[in-house]
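User: Please take a close look at one part of this model, the central sheet and the aromatic side chains associated with it, and give me a connected account.

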Amino acid sequence: THFGFETIPEYLKESKVRGVFSSVAESYDTMNDFMSLGIHRLWKDHFVRNLNPGTNPLQVPQAKGWNILDIAGGTGDIAFRMLDHASTVNNDPHTRVTVADINPEMLAEGKKRSLATPYARSGRLAFVEANAEHLDMIPDASVDLYTVAFGIRNFTDKDRALREAFRVLRPGGVFACLEFSKVNNAVFNTVYKNWSFSAIPLIGQLVAGDRDSYQYLVESIEKFPSQEEFRDMIKAAGFVVPGKGWEDLTMGIAAIHKGVKP
Ligand code: SAM
């Protein structure tokens, strides 16, 4: 790659990822807007609406609400949407979300943002510093819904993280992942590649003064497996995959993958 990350040993790569997100924690929304041409907010809305937290397709007794684990939950984007949806759409005041992230700065930003929501002191929101590959603090079969949005492509050992997801979910529990993926239209793919490889690092430099972090993020998208490959990784971890296994968003710029623990 341009920056030779492959030559860096895996254990160093984790600290590299940590560094990237420490340096972008505050300019995080700006970064996402550039990476997704501003559409990530709509994708996240769609992701949450579609999972419909607080209703009953997961057979969770309504009185208890859902126990959701949002991995790589960073600044709380998905968690706040989940709680909003459960409360306002499904009239469910019990569903709760644990936001887990490897990076304390991202968690601190999430906690700060949570103060502007009704959930800060509700007992429905918790922040935990954790590596998705080692969720030792989360008991087996304790989670109803595991979400990971724009996180898994940064994990050093994705298969291990998938096996941890499988372990912590209860039978019938759902794994749901929103991630940048492979564009499925050749013409648009050329435009998109040009945009991401030339414009994003430049904008990163100009807006955040941090070219390397933005370059890393573009490359991590490029290296992430295709929709089919990732679906097969989910299956290999033991999940049953509904339908073809994923939904493309905006011509495959992003995709939602799901797996159910049998
Ligand atoms: N889910 C949030 C969202 O959609 O806005 C944040 C996504 S952010 C692009 C990626 C997050 O993954 C960062 O907060 C980073 O610290 C976290 N991360 C990277 N590697 C991780 C790991 N091994 N375990 C847990 N979190 C990790």
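Analyst: What follows goes from the sheet to the aromatic rings, and then to two loop residues.

This is a predicted model, in which local features need pLDDT of at least 70 and side-chain atom pairs count only at pLDDT 80 or more, while totals for chains, interfaces and linings use all residues. Residues are numbered from 1 along each chain as its sequence is written, and side-chain values use heavy atoms, with hydrogens and water left out.

Seven strands form an open sheet of mixed pairing, in the order 3-2-1-4-5-7-6; strands (E, at least two residues) and helices (H or I, at least four) are DSSP runs numbered from the N terminus, and two strands pair if DSSP finds at least two bridges between them. Strand 3 and strand 6 (246-249) stand at the edges, and because each has a single partner strand, one side of each is left without a neighbour in the sheet. From one strand to the next the twist averages 15°, where axes are lines fitted to C-alpha atoms, for helices over the stretch in contact, and angles run from 0 to 180 degrees between N-to-C directions. Strand 1 (residues 67-71) runs parallel to strand 4, joined to it by four bridges, and Leu69 stands opposite Tyr146 of strand 4. Helix 3 (residues 40-51) lies across strand 4, strand 5 (169-180), strand 6 and strand 7 (254-260), at about 165° to strand 5; contact here means heavy atoms within 4.5 Å.

Tyr146 also belongs to one aromatic cluster with Phe166, Phe175 and Phe239. Rings of Phe, Tyr and Trp (its six-membered ring) pair if their centres lie within 6.5 Å, and planes under 30 degrees apart count as stacked, over 60 as edge-to-face and the rest as tilted. A search of the whole structure finds eight aromatic pairs; among them, Phe166 and Phe239 are edge-to-face, 5.1 Å centre to centre with 80° between the planes. This pair links distant parts of the chain, 73 residues apart, with Phe166 in helix 6 (residues 158-168) and Phe239 in the loop between helix 9 (227-236) and strand 6. Phe239 is buried at 3% relative accessible area, whereas Phe166 is partly exposed at 21% (buried is under 20%, exposed over 50%, partly exposed in between, with a 1.4 Å probe and protein chains only). The charged end of Lys261 sits over the ring of Phe166, 4.8 Å from its centre, the criterion being NZ of Lys or CZ of Arg within 6 Å of the ring centre and within 35 degrees of the ring normal.

Finally, Ala141, in the loop between strand 3 (125-129) and strand 4 (143-149), has a positive phi near 50° and is partly exposed.
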